[in-house]
Amino acid sequence: MNIEIIKCHGSGNDFILIDEMDTLLPLTEDERASLAVAICSRGSEIGGDGILFVQGSAHADAKMRIFNSDGSEASMCGNGLRCVARYACEKLGSDKLVIETMKADLEVERTEDIFDGIPTFRVEISPVSFQLKDLPLHLEQDVLLNEKIPQLSNDLYFTAVAVPNPHLIAIVDQGILASDVQETLSIGVNKPNTLFPDGVNVSFVRLLEKNHIFVRTFERGVGYTNACGTAMSASSLVTCLHAGNEPEKEISVYNNGGKVKCVVHHMDGETKIDLIGNGTYEYKAALQFDSMDFTSVAVLNKEEFNTEKELYAKLQDEVAAYLTSFN
Ligand SMILES: N[C@@H](CCC[C@H](N)C(=O)O)C(=O)O
């Protein structure tokens, strides 16, 4: 079987994008999961945090399905949606589309470059829910807003939010960020456990200056990634609620792969977040598989997007220089 791919990333959160808009690949659900595990493995020639399947939609312009590198399917992926937005906008010749995702149809649009020459997309992150049943998080209460979870830590204050994939967020200082607290805690809530039966994305947020934050996420189904778009959106919201950042204003969100901007909107009792950032292509190629366990792959006709990679490296240099002043 041959599969055409585009290797792409949003803030260094990297994906293998597969176009099924015209014809679905003849893959069972189990085979989609096996494909994700095989080609996302960092030991494989490709490697990635997940697969983005871009499909046709009965009612929207296109549909995104996201599989994590462990083969689990997630309801949403913010960085991935920007890559899908770019792909679908270019394919359909439009600057603004609606993309169907597992739980919502989301608006996406091409917007002003976040850095000279870098294709940039604004994607809608919604629906937002603080109801613990929507993560799920099993506690004897309905919501968790800047509160302790004694089973996890005696010191940290957590907020739980679904956007709609599940996030657990703590605002921390540099000492905690530099420690192994996040990794230990994240591994605990992503193995069989009674608090989070479906696992959870865990983010530690450092406040830099007003409307500027740093976010690191241990992703469910993956582990540490350079960045997680839904987590950066949810973290921006949490800092508006608990740390003096402002809704309706751009919040610059720095991460280990670059930076994005988020804008938190509260309208008519509903919360939505704009996630704005790059959709960068690394290369395109055809993958040739001998068998449906996808363990052996030949990468054919590889074409690199070198200019895009060079421009993105400049954004990363600028981010590194900014972050140095907080060390
Ligand atoms: N990296 C993504 C989120 C991918 C899904 C996540 N690991 C989950 O299981 O919920 C993003 O950019 O939002």
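1. Let's start with N146. In this predicted model, N146 sits in the loop between β8 and β9. Its phi is near 55 degrees, which is a positive value in a residue other than glycine, so it is a good place to stop and look at the backbone. How buried or exposed is N146? Its relative accessibility is 33%, so N146 counts as partly exposed, because that class lies between the cut-offs of 20% and 50%.

2. Now turn to another asparagine, N301. N301 is not a glycine either, and its phi is positive, at about 50 degrees. Where does N301 lie? It belongs to strand β18, which covers residues 297-304. With a relative accessible area of 62%, N301 is exposed, because exposed means over 50%.

3. The loop that holds N146 also holds P136, since both are placed between β8 and β9. Strand β9 covers residues 158-162. Which residue is joined to P136 by a cis peptide bond? The partner is L135, and omega of this bond is about -5 degrees. Try finding this bond in the viewer in front of you.

4. A cis peptide bond also joins V163 and P164, with omega about -5 degrees. P164 is located in the loop between β9 and β10, and strand β10 is made of residues 166-171.

5. Next comes strand β8 itself, residues 120-125, where you will find T120. Is T120 buried or exposed? Its relative accessibility is 0%, so T120 counts as buried. The side chain of T120 has polar contacts with backbone atoms: the backbone nitrogen of I114 is reached at 2.8 Å, and the backbone oxygen of I118 at 2.7 Å.

6. E20 is worth a look too. This residue lies in strand β2, which runs over residues 13-20. E20 has a relative accessible area of 1%, so it is buried. What does the side chain of E20 contact? It makes a polar contact with the side chain of R32, at 2.8 Å.

7. Now for the ligand. How many residues surround the ligand? There are 14, and the closest are N13, G78, E219, G229 and T230. By class, this shell has four nonpolar, eight polar and two charged residues. Two helices each supply at least two residues of the shell: α2, residues 78-92, and α5, residues 229-242.

8. Which protein atoms make polar contacts with the ligand? Three examples follow, and they use both side chains and backbone. In the side chain of N201, an N or O atom is 2.9 Å from an oxygen atom of the ligand. For E219, a polar side-chain atom lies 2.8 Å from a ligand nitrogen. G229 takes part through its backbone: one of its backbone N or O atoms lies 2.6 Å from an oxygen atom of the ligand. Taken alone, the ligand exposes 370 Å², and the protein buries 99% of that.

9. One last point about the ligand: what is the space taken by the ligand? That space is the largest cavity. When you turn the model, you could look for G229 there, since G229 is among the closest residues to the ligand and also begins the stretch 229-242 of helix α5.

Technical notes: Residues are numbered from 1 along each chain as its sequence is written. This is a predicted model: local features need pLDDT of at least 70, side-chain atom pairs count only at pLDDT 80 or more; totals for chains, interfaces and linings use all residues. Side-chain values use heavy atoms; hydrogens and water are left out. A residue is near a molecule or strand if one of its heavy atoms lies within 4 Å of it. A polar contact is a pair of N or O atoms within 3.5 Å; within protein, one must be able to donate a hydrogen and the other to accept it, and residues adjacent in sequence count only if both atoms are side-chain atoms. Accessible areas come from the Shrake-Rupley method with a 1.4 Å probe; for residues, only the protein chains shown count as cover. On a 1 Å grid over the protein atoms alone, a cavity is a set of points where a 1.4 Å probe fits but cannot get out, and a pocket is an open set with protein on both sides within 12 Å along at least five of seven lines; lining residues have an atom within 4 Å of a point. A molecule sits in a cavity or pocket if more than half of its atoms lie within 2 Å of its grid points. Helices (H or I, at least four residues) and strands (E, at least two) are DSSP runs, numbered from the N terminus. Ala, Val, Leu, Ile, Met, Phe, Trp, Tyr, Cys and Pro count as nonpolar, Asp, Glu, Lys and Arg as charged, and the others, Gly among them, as polar. Buried means under 20% relative accessible area, exposed over 50%, partly exposed in between (1.4 Å probe, protein chains only).
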